[in-house]
Amino acid sequence: MKNYKKINNLIGWIVFGIATITYLLTLEPTASWWDCGEYIATAYKLQVGHPPGAPLFQLLGRFFSMFAFGDVSNTAMMINVMSALSSSFTILFLYWSITMLAKKLFVKSGSFEISETNAWAVFGAGIVGSLAYTFSDSFWFSAVEGEVYAMSSFLTAVVFWAILKWEVVADKRSGYRWILLIAYIVGLSIGVHLLNLLAIPAIGYVFYYKRYKPTTKGFIAAGAISIAILAVVMYIIIPWTVALSGKIEFFFVNGLGLPFNSGTIFFFLLVVGLIVFGLHYTRKKGKVVLNTVILAFTFILIGYSSFAILVIRANANTPINENDPKDALSLLSYLNREQYGSWPLVYGQYYNAPAIDSKDGTPIYMKDEKSGKYIIKDDRKGTIPVYDERFMGLFPRMWSNQKPAHIQLYKQYGGDKGKAIRIDKGDGTSEVRYRPTFGENLKYFFTYQVDHLYIRYFLWNFVGRQNNIESQGEIQHGNWISGINFIDSMRLGDQSNLPPSMENPARTKFYFLPLILGLLGFAYQLKRSKKDTWVVFLLFFMTGLAIVIYLNQTPLQPRERDYAYAGSFYAFSIWIGLGVLALFETFKKFMGNKKVTVITVTALSTLLVPTIMATQGWESHDRSGKYSAPDFAKMYLASCEPNSILFTNGDNDTFPLWYVQEVEGYRTDVRVVNYMLSSGDWYVNQMGKKVYESDKLPLSIDPKFYMMGDQNYLPVFARIEDRTNVKDAIDFVSNDDKRTKIPLQNGQWVNYLPVKKLKLMVDSAQVLKTGTVQPENANKIVKEIDWDIKQNGLYRNDLMLLDLISTNNWERPIYFANPATLNKVFDVDKYCHQEGVVYRFKPFVGPVYRDGIGGVDAEKSYEVLMSEDARWGRLNKDDVIVDRESARNVSMSKQYYMRLAEALVDANKNEKAIEALDKGREFFPANKFPYDYFMIRWADLYYQAGATEKANEVVQEIFDRYSQDLYYYDGLKPKFKDAYQNEIQSALASLQNLGQLTRQNKQEKLANDVDSVFYEQIQNLNLR
């Protein structure tokens, strides 16, 4: 075919256009949940995000943000556009990669000619495979938000395409340019995400098959060398470039007395000098391969150099400066993700292994401007546990003892018989522990880590998905489905007549078609080219199961992790494309006209695979018009008084707040304090600085004290029985006198807290002066606030919180997103009063005290929740699809309106209470958020406020929901019905409560309707 290249390029760009239009139409117009807010905020102002950093993403994000042309409300959208374009370019390179692999199956080695019919078959393969990946669940999810995975996929696609291009021109003198391009992109990819490196083994085999005649020894050697190259990049170039720089820096500063950064400058000058010398020497001696290796190393370093931006910006003390990597020594800790800890891989402990000793970790240093040297801020002595060898083994999968629920799920998936081992408890007694057997360990690996954490995700993408609710293996949530009810019902019960409450926008049914076509493509390629099949399989394995093995994930991940395996789904999409060739080869035997055959096969494949995937997946991936994350964040900040302090906990109540403050400049007077990050010395240090209009935190302890490693964990020994003023306790902890310290077994003396019973003395005049308590509540102010420490030690964030509470003296309002998360250290829920959507710490107990949380400032909450500016992401609009994270956050948002209504009813302000309940239902309607057990309280409040008709509407919604649910459960086979016992009991309890509530409020007809269904279901249960 003479114009093959021209047509191939044209079709590639058409496919690119389809992908681009798809992603732009479904793009989220602002910051999304999880890490997106952080990435967008750090990209917009080139700040330092969480380890190990994504500096290239940030630099490119900053470039794209300029196209907002000063309109900060469009900044996030432009960075999301960057992800969309990265994704559509991924599709472009996937198309070209498929056509290159497909063409090789039709042409002989060394030939470039292909018949017209075969060429169109190749084009069809590229179209179907690339479009299938375009509409795959996991890839589409990342394509429309400002996260790193879209760009990482793009770079992976480019390097795989580049090695295939090299294969075509490998015999030309200029062929090695492609190798250098690959090296450069690999270096760049480090500044986005390390997933790209997993393509190296596949690249290595393409090189091997092209340069060498395959033999068994050669095949093994090629694999070993490829893995070695991957290891060199991951474990030598990435960490040791920085580690050596740090060691030389330390020697120059502490050993030779030279200025800070002198060693770092010397090291990089040395590296440049060695590279120049190496290139000159190899060129002079004609050592082409060695010259290319040095050039490749150089290009990797050039790409990797994007990390310099992190050091530069950390030294600028940006508002977001996570881990503060200002020099080579701290950058190494940042790159190694030390704050996240480590996990066993090849050999290590099981979850119930007793620690019998400890060993020292690597000391952490910090600059001391006064001495001009690096000093130890954390000696890390005794920080690494040494476990009983009898509880250790090869390939440990069941290793985490962080949460009891981890252990429970280990036993559920792996078994709990184990091997009995008697251990000495150290107090003269012993106990028997059951160490998991290797068989149980492998069972957990295959049933949970492989099946639940990979195969399930794989089938989501190529078979179908039940819903977007997180799953731990139950049949109700997060499973794969096919749309073929006979098959689905055998695993999950009847899936054909689900009640409305179980309908979910993420429910997709592909009828196994993408999977079948991919398996046909795999078989076809295996038959025609075992070499290329191995290359694609390596890409498939390394970006899939190899990640499962490496991550060794614990149960109860905070969210589904399918996005991490998008590279594996990319590789399978290549086989989906090649499946078109398998069909073509089969059908051309029965159809006379080959042109008609190729058109028919391509059209049918496109219709039955990517078209079905697109139509089924569009609803769940359409984020257009949704503003939930920033709107929720603004509601948090709008609830706070000026110059206040707001404590948050996780990603989703922090990163959106960072986004609206850093990018949109909204309420920058509020100091957002992430309690988890406060366990880091660098974070507490940053809290001690003024940022924008927000003053530094009022802390009494010197910042240097927080910086030292001794404060990682302070033991609590209740040597004082009397309740102690928290100020005195803080003074004791920060005292340098040796009498305020205790010795550890290793001889080290550390600070400690000698009391568990604390109190905060309240100056009522000061409380009234600062407006913390309004005059009408002056008689409710308590003289002291008492609480107990419920743990045996304080972490740095705990100490900082107690220090803040003791020092603030009610000068600045203190709010909590969720006070219950701090109750082990600061158990004062009843003194936390709802103001809008946050809880303010005040020294009195409110009149409304429900669910363990204090009162409600009805006036302030009404002002915030009923304001014209109140926004919840347009989730109630018909054109907006509710995502899982928004739905999860809405449960709390509804509670704010309910508690406000409670307070208003108690104050006999019934009209306002009805308005609050109405507003809550307007924002969170039943058709978007099915009413459940917790909505019964809403109906009760409507009745109390005198809005009987509205109460009946809520009752009817709840009744309809649960009656439909119960009739569905009733039709299930016993083994599936048993799995729904919790839901059945909840539904029956709801109907029982509804019957009582309606009868109490003289709604006899409605009560009779409810009771009839309730007693019918009870009778059905008794009959069984």
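Strands E18, residues 757-761, and E19 pair in the antiparallel sense, over five bridges. This is a predicted model, so please hear everything that follows in that light. Across that pairing, Lys-759 stands opposite Asp-786 in E19.

Stay on E19, which covers residues 784-788, and look at where the side chains go. They alternate: Ile-785 and Trp-787 point to one face and are buried. Glu-784, Asp-786 and Asp-788 point to the other face and are not buried. That puts Asp-786, the residue opposite Lys-759, on the face that is not buried.

Next, a helix. H4 runs over residues 75-104, which is 30 residues. How far apart should its ends be? At 1.5 Å a residue the expected span is 44 Å, and the end C-alpha atoms are 44 Å apart, so the two agree. H4 is also mostly covered, with 26 of its 30 residues buried. As a reminder, an α-helix has 3.6 residues a turn, so residues three or four places apart point the same way.

Now the rings. The structure holds 91 aromatic pairs. One of them is Phe-826 with Phe-841, an edge-to-face pair at 5.2 Å centre to centre, with 70 degrees between the planes. Phe-826 is in the loop between strands E21 (814-816) and E22 (832-835), while Phe-841 belongs to strand E23, residues 838-841, so the pair ties together parts that are 15 residues apart in sequence. Both Phe-826 and Phe-841 are buried.

Rings also turn up beneath charges. Lys-103 lies over the face of Tyr-4, 4.3 Å from the ring centre. For Arg-397, the charged end sits over the ring of Phe-395, at 4.0 Å from its centre.

Last, the backbone. Which residues does a cis peptide bond join? Pro-51 and Pro-52, with omega at about 0 degrees. Pro-52 is in the loop between helix H2 (36-44) and helix H3 (55-65).

Two residues other than glycine have positive phi values to mention. For Asn-552, phi is near 45 degrees. Asn-552 is in the loop between helix H20 (545-551) and helix H21 (566-587). Is Asn-552 buried or exposed? Its relative accessibility is 0%, and the cut-off for buried is under 20%, so Asn-552 counts as buried.

For Tyr-692, phi is near 55 degrees. Tyr-692 is in the loop between helix H25 (681-687) and helix H26 (703-707). At 33% relative accessibility, Tyr-692 counts as partly exposed.

Conventions:
Residues are numbered from 1 along each chain as its sequence is written. This is a predicted model: local features need pLDDT of at least 70, side-chain atom pairs count only at pLDDT 80 or more; totals for chains, interfaces and linings use all residues. Side-chain values use heavy atoms; hydrogens and water are left out. Buried means under 20% relative accessible area, exposed over 50%, partly exposed in between (1.4 Å probe, protein chains only). Helices (H or I, at least four residues) and strands (E, at least two) are DSSP runs, numbered from the N terminus. Two strands pair if DSSP finds at least two bridges between them. The expected span of a helix is 1.5 Å times one less than its number of residues. Rings of Phe, Tyr and Trp (its six-membered ring) pair if their centres lie within 6.5 Å; planes under 30 degrees apart count as stacked, over 60 as edge-to-face and the rest as tilted. A charge sits over a ring if NZ of Lys or CZ of Arg is within 6 Å of the ring centre and within 35 degrees of the ring normal.
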